[in-house]
Amino acid sequence: MRAYYFDDLPGDQRLPHDSGKPVNDNILESIGVLHWYIPVPADGPYPALDDVAKERGYKNRDVITITREGLGELYEAKLKIFYEEHMHEDEEIRYILKGSGFFDVREHPTDSWIRCQLDAGDLMVLPAGIYHRFTLDEKNAIVAMRLFKDEPKWTPYNRSEATDVNPHRVEYLNSVIVN
Ligand code: KMT
Ligand code: NI
């Protein structure tokens, strides 16, 4: 996984938008973003992934294929929803099986966008309460495993005055280490 500050320039969301300023793991860790690289076996099962899942209590999983074929008539609408700045009340855990894409996460307290480029084998955990968004890149295809601790709840809450005071958001902000 490669991370850098988003350039904030207008243009297609699928382009890299690389400002040229890299973001290191200490910064990601300070905002609660974790990642691992676990090479994807040719055809499951995924023993190394299973170890992380067991250790962190991720009991449920499913696979989402984000391509025009995979999402059918929902394709355009889903892409729009994924790129709206939002938070969840639980962790968002993704293991990339094929393809690639960008997860943008908000740094705190700067509120700058950090763009994380994910490829096959990248496992990423976004903490509950972090503002983020997702886009495909120019290759237009990603297959990702979505892991979950308990009952899957994928509900996105778009950023608003209400989410700013959501207890999961407040708890998240209290957990961020501000240097
Ligand atoms: C989300 O919640 O934003 C997503 O699931 C994005 C797609 S997973 C590659
Ligand atoms: Ni999300």
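1. Strand β6 (residues 92–106) gives the largest share of the shell around ligand 1, with three residues. Bear in mind that this is a predicted model.

2. The full shell of ligand 1 consists of Ile 66, Phe 82, His 86, His 88, Glu 92, Arg 94, Phe 103, Phe 134 and Ala 144. By class, five of these residues are nonpolar, two are polar and two are charged.

3. Two polar approaches to ligand 1 deserve a look. Arg 94 places a polar side-chain atom 2.8 Å from an oxygen atom of the ligand. For Glu 92, a polar side-chain atom lies 3.1 Å from an oxygen atom of ligand 1. Taken alone, ligand 1 exposes 300 Å². The protein buries 97% of that area.

4. Where does ligand 1 sit among the pockets? The space taken by ligand 1 is the largest pocket.

5. Next, the metal. Ligand 2 is a nickel ion. Its protein donors are His 86 (NE2), His 88 (NE2), Glu 92 (OE) and His 132 (NE2). These donors lie 2.0 to 2.1 Å from the nickel ion.

6. How are the donor residues of the nickel ion spaced in sequence? The pattern is H-x1-H-x3-E-x39-H. His 86 and His 132 link distant parts of the chain, 46 residues apart. His 86 belongs to strand β5 (residues 86–87), and His 132 to strand β9 (residues 132–136).

7. Glu 92 deserves a second check. Glu 92 is a donor to the nickel ion, and a polar side-chain atom of Glu 92 also lies 3.1 Å from an oxygen atom of ligand 1. His 86 and His 88 are listed around ligand 1 and also among the nickel donors.

Terms used
Residues numbered from 1 in each chain as written. Chains lettered and ligands numbered in written order. Predicted model: local features only at pLDDT ≥ 70, side-chain atom pairs only at ≥ 80, totals over all residues. Heavy atoms only, no water. Near = heavy atom within 4 Å. Polar contact = N/O pair within 3.5 Å; in protein donor to acceptor, adjacent residues only side chain to side chain. Areas by Shrake-Rupley, 256 points an atom, 1.4 Å probe, with all protein chains shown as cover. 1 Å grid on protein atoms, 1.4 Å probe; cavity = no way out; pocket = protein on both sides within 12 Å on 5 of 7 lines; lining within 4 Å. Sits in = over half its atoms within 2 Å of the grid points. Helix = DSSP H or I, 4+ residues; strand = E, 2+ residues; numbered from the N terminus. Nonpolar A, V, L, I, M, F, W, Y, C, P; charged D, E, K, R; others polar. Donors = N, O, S within 2.8 Å, 3.2 Å for Na, K, Ca; no water.
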